[in-house]
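Let's take a walk through this protein together, starting from a single residue and working outwards. Have your viewer ready and follow along.

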Amino acid sequence: MAGEPQDDCLFCKIAAGQTPATIVRETDTTVAFRDINPQAPTHILVIPKAHHKDAAALAAAAPGVAADVLRETQAVADQEQLESYRTVFNTGSAAGQTVWHAHAHVLGGRGLHWPPG
């Protein structure tokens, strides 16, 4: 069920403190941690503590928490002293989503060209 922890979800386990991660920030509703396969010198994931399968589902079910996730991307960028950065939400497998728990990627520390990919 949306919002409820899922036993088979890696990010739910990280949010609950059951699986180790390099956590850089935490709020009442979000957790931010370093990606284990970084695609830039700074690559941090910001997740809601509540389980939602992707960014679209999160926005529909909990717009306030979606705003918290987005707000935390800026806080992470400030903490990491990123002058420029990219925030990415992959929604669906064709877009590159591999963990079915909503999350934002904060990427920075190098030039990020457009278009991506």
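Start with threonine 42 and look past its neighbours within four places in sequence: the residues in contact with threonine 42 are then Glu80, Leu82, Val106, Leu107 and Gly108. One of these partners is worth a closer look. Threonine 42 and glutamate 80 are separated by 38 residues in sequence, yet their C-alpha atoms lie 7.8 Å apart in space. As for its own setting, threonine 42 belongs to strand 3, which covers residues 42-48. Is threonine 42 buried or exposed? Its relative accessibility is 9%, so it counts as buried, the cut-off for that label being under 20%.

Now move on to histidine 101. You will find this residue in a loop, the one that links strand 4 (85-88) to strand 5 (104-108). Being in a loop does not tell you how covered a residue is, so check the accessibility: histidine 101 has a relative value of 0% and therefore counts as buried. What surrounds it? With neighbours within four places in sequence left aside, histidine 101 is in contact with Cys9, Phe11 and Cys12, and also with Ile47, Pro48, Lys49, Ala50, His51, His52 and Lys53. One of these partners also offers a polar atom: the backbone oxygen of proline 48 is 2.8 Å from a polar atom of the histidine 101 side chain.

With those two sites in mind, zoom out to the whole chain, remembering that this is a predicted model. The secondary structure consists of 3 helices and 5 strands, and reading from the N terminus their order is α-β-β-β-α-α-β-β. Contacts across the sequence can be put into a number too: of the contacts between residues at least 6 apart in sequence, 53% join residues at least 24 apart.

How does the overall size fit the chain length? A compact globule of 117 residues would have a radius of gyration near 13 Å, and the protein agrees with this because its own value is 13 Å. The C-alpha trace spans about 40 × 30 × 25 Å along its principal axes.

Finally, consider the burial and surface of the protein. Of the 117 residues, 40% are buried. The accessible surface amounts to about 6700 Å², with 53% of it belonging to carbon and sulfur atoms. For anyone thinking about electrostatics, the protein has 8 positive and 12 negative charges, and the mean positions of the two sets are 5 Å apart.

Methods:
Residues are numbered from 1 along each chain as its sequence is written. This is a predicted model: local features need pLDDT of at least 70, side-chain atom pairs count only at pLDDT 80 or more; totals for chains, interfaces and linings use all residues. Side-chain values use heavy atoms; hydrogens and water are left out. Helices (H or I, at least four residues) and strands (E, at least two) are DSSP runs, numbered from the N terminus. Buried means under 20% relative accessible area, exposed over 50%, partly exposed in between (1.4 Å probe, protein chains only). A polar contact is a pair of N or O atoms within 3.5 Å; within protein, one must be able to donate a hydrogen and the other to accept it, and residues adjacent in sequence count only if both atoms are side-chain atoms. Contact means heavy atoms within 4.5 Å. The radius of gyration is taken over C-alpha atoms; the globule rule is 2.2 Å times the number of residues to the power 0.38. Accessible areas come from the Shrake-Rupley method with a 1.4 Å probe; for residues, only the protein chains shown count as cover. Lys and Arg count as positive and Asp and Glu as negative; His and the chain ends are not counted. The place of a charge is taken as NZ of Lys, CZ of Arg, CG of Asp or CD of Glu.
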